Amino acid sequence: MRPQRVVDLLAVVALVLLGLSAYLTWSIADPGSGRPVVNFNGYAVTRAPATLALAGVVAVIVTKLAGTALRRVLAALVALMGVAAIAVALQVRPDAAELGRLRPELSQAVTDRVILSTGPAPWLALAGGVALLAAGVIALLTAHRWRRPTLRYERDPAATPADQWKAIDAGEDPTI
């Protein structure tokens, strides 16, 4: 499989995993005393996974249209976005006070104690961050071997407009 396809596949996997982590349960708060358990999705806790997923996919798409130097810069940015997604997945664990600000029924004034647990979303964000990091590293290492799709449509700079019109009159495409 070509490196471009691997990078595309990893970017799509990262988009799916990070997007799912934004909508699945990130934290579960149990206020006790018969009160209902409150689930917080990833988008309520942090908007970083969804943002990083979209930015990473856009950067991977733009790498297809860029030259080698810009491709390497974008690949490094994709790798940095992967590192940021991993850091968010490992470090964002809201405490009871922060969740109390999001949902007043969890504040210390209402409850004596809130039991917190983690949902599946941080693990999906971690896997998505690893996929985004891998896409960036593979793109960075193989950027010089990628085919430039715009070369087919560029004109010969030595050809004059008259030569191009003559080629069109002869039935040839002067952009090839």
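**Close-up views of a predicted model**

The secondary structure of this protein, taken from a predicted model, comes to 7 helices and 3 strands.

**View 1. The order of elements along the protein.** Read from the N terminus on, the elements follow one another as α-β-β-α-α-α-α-β-α-α. Of the contacts in the protein with a separation of 6 or more, 70% are accounted for by residues that stand 24 or more positions apart.

**View 2. Strand β1 and its two partners.** Strand β1, which covers residues 25-30, is joined by 4 bridges to strand β2, residues 38-41, and the two run antiparallel. Within this pairing, Thr-25 stands opposite Asn-41 of β2. Strand β1 is also joined by 4 bridges to strand β3, residues 115-118, and this pair likewise runs antiparallel. Here the bridge partner of Ser-27 is Thr-118 in β3.

**View 3. Thr-46 in its loop.** Thr-46 lies in the loop between helix α2 (42-45) and helix α3 (48-63), and its side chain reaches the backbone nitrogen of Ala-48 at 3.2 Å. Is this loop residue buried or exposed? Thr-46 has a relative accessible area of 14%, and therefore counts as buried, since the cut-off for burial is under 20%. When its neighbours within four places in sequence are left aside, Thr-46 is in contact with Trp-26, Val-88 and Val-92.

**View 4. The surface and the buried residues.** The protein exposes about 10200 Å², of which carbon and sulfur atoms supply 64%. Buried residues, Thr-46 being one of them, make up 35% of the 176 residues in the protein.

Key. Residues are numbered from 1 along each chain as its sequence is written. This is a predicted model: local features need pLDDT of at least 70, side-chain atom pairs count only at pLDDT 80 or more; totals for chains, interfaces and linings use all residues. Side-chain values use heavy atoms; hydrogens and water are left out. Two strands pair if DSSP finds at least two bridges between them. Buried means under 20% relative accessible area, exposed over 50%, partly exposed in between (1.4 Å probe, protein chains only). Contact means heavy atoms within 4.5 Å. Accessible areas come from the Shrake-Rupley method with a 1.4 Å probe; for residues, only the protein chains shown count as cover. A polar contact is a pair of N or O atoms within 3.5 Å; within protein, one must be able to donate a hydrogen and the other to accept it, and residues adjacent in sequence count only if both atoms are side-chain atoms.
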